Amino acid sequence: MSMKLFVQAIAKFIFGVVLIGVLIFLPAGTFSFFNGWLFMGILFVPMFLAGIVMMIKNPDLLRSRLDAKEKRQEQSIVIKLSGLMFLAGFVVAGLDYRFGWLMLPKGVVIGAVIAFVVAYVLYAEVLRENTYLSRTIKVQEGQKVVDTGLYGVVRHPMYSATLILFLSMPLVLGSVFAFLIFLLYPLIIAKRIRDEEKFLEKELDGYIEYKQKVKYRLIPFIW
């Protein structure tokens, strides 16, 4: 672990907390938005703990997860679309609370919290199974196809986990209108997956054979 990596990780974490806090609580017009604090807690506490574990046990994985500079144009578009979705979704969730448009009942919120935590566990398992994971589309030196565990069920289990994570976010915030915005995510991630697989077929040995072995990309028996 290097001091530079530590500072970079802490700086990005603090920036994320402040940014999302502003996007949620400023439109809400108050800090008394319980669902907002609930969401911040279940998002950032596990993220902080996971960051500490990676920093100690696998700093290279943490370094690759912090690298968000996407070189492929197709993927750059996907990242920008995702950013706009998050921006609009969080702001609308805050406005939904502020003006009382259509807030969800507690039962739905609790169910969404459970789904979010389960998805976080799946995400952590994916990181454990595949130490080559990065936030950008690339093939690292010595990288091999991982076809066991969750990768034996779907080809992109990390995206399966994020699908559950992101669709549960607006529900934790209690906002129907924000959820409608986040429904764009399956379309966005499908675009990313198609381009990523084209890249991996060319650059990663054994990926074509892996596609033949594991038929489903994101959701078993569906797609």
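# A tour of helix packing and aromatic pairs

Begin by selecting Y120, which is buried, with a relative accessible area of 16%. The model on screen is predicted. Buried here means under 20% relative accessible area, so Y120 falls within that class.

Next, add F116 to the selection. F116 is buried too, at a relative accessible area of 0%. Both residues belong to helix 5, which covers residues 106-129, and they sit four residues apart, so about one helical turn separates F116 from Y120.

Now colour the aromatic rings. Across the whole structure, a search finds 19 aromatic pairs. F116 and Y120 form an edge-to-face pair, because their planes stand at 80° with the ring centres 5.4 Å apart. Which residues do ring pairs link into a cluster? Select F39, F86, F90, F116, Y120, F166, F182 and Y185, and the cluster is on display.

**Helix 2 against helix 5**

Show helix 2, residues 34-57, together with helix 5. What is the angle at which helix 2 and helix 5 pack? The angle is about 15°, and the axes are 12 Å apart. The two helices are therefore roughly parallel to each other. Their crossing is right-handed.

To see the contact itself, select N35, L38, F39, I42, L43, P46, M47 and M54 on helix 2, then V109, V113, F116, Y120 and L127 on helix 5. Sorted by type, the residues of this contact are twelve nonpolar, one polar and no charged. F116 and Y120, from the opening stop, are among the helix 5 residues here.

While helix 2 is on screen, pick G41, which lies in this helix. Is G41 buried or partly exposed? Its relative accessible area is 27%, and G41 is partly exposed. Draw a distance from the C-alpha atom of G41 to that of V109: the separation is 14 Å, for residues 68 apart along the chain.

**Helix 6 against helix 8**

Hide those helices and show helix 6, residues 157-172, with helix 8, residues 185-203. Helix 6 and helix 8 pack at about 165°, and 11 Å separates their axes. They are therefore roughly antiparallel to each other. The crossing of helix 6 and helix 8 is right-handed.

On the helix 6 side of the contact, select Y159, T162, L163, F166 and L167; on the helix 8 side, select Y185, P186, I189, R192, I193 and E196. The residues of this contact divide into eight nonpolar, one polar and two charged. F166 and Y185 also appeared in the ring cluster.

**H156 and helix 9**

Go to H156, in the loop between helix 5 and helix 6. With a relative accessibility of 5%, H156 counts as buried. Which residues does H156 contact, leaving aside its neighbours within four places in sequence? They are I193, E196, E197, Y207, R217 and L218.

Follow the contact with Y207 into helix 9, residues 207-213, and add Y210. Y207 and Y210 are three residues apart in that helix, so about one helical turn lies between them. The ring centres of Y207 and Y210 are 5.6 Å apart with planes at 55°, so this pair is tilted. Both Y207 and Y210 are buried.

**Last stop**

Select F221, in the segment after helix 9. F221 is exposed, with a relative accessible area of 72%. Its phi is near 70°, a positive value in a residue other than glycine.

Methods. Residues are numbered from 1 along each chain as its sequence is written. This is a predicted model: local features need pLDDT of at least 70, side-chain atom pairs count only at pLDDT 80 or more; totals for chains, interfaces and linings use all residues. Side-chain values use heavy atoms; hydrogens and water are left out. Rings of Phe, Tyr and Trp (its six-membered ring) pair if their centres lie within 6.5 Å; planes under 30 degrees apart count as stacked, over 60 as edge-to-face and the rest as tilted. Buried means under 20% relative accessible area, exposed over 50%, partly exposed in between (1.4 Å probe, protein chains only). Axes are lines fitted to C-alpha atoms, for helices over the stretch in contact, and angles run from 0 to 180 degrees between N-to-C directions. Angles under 35 degrees count as roughly parallel, over 145 as roughly antiparallel, 65 to 115 as roughly perpendicular and the rest as oblique. A crossing is left-handed if the near helix is turned anticlockwise from the far one by less than a right angle, and right-handed if clockwise. Contact means heavy atoms within 4.5 Å. Ala, Val, Leu, Ile, Met, Phe, Trp, Tyr, Cys and Pro count as nonpolar, Asp, Glu, Lys and Arg as charged, and the others, Gly among them, as polar.
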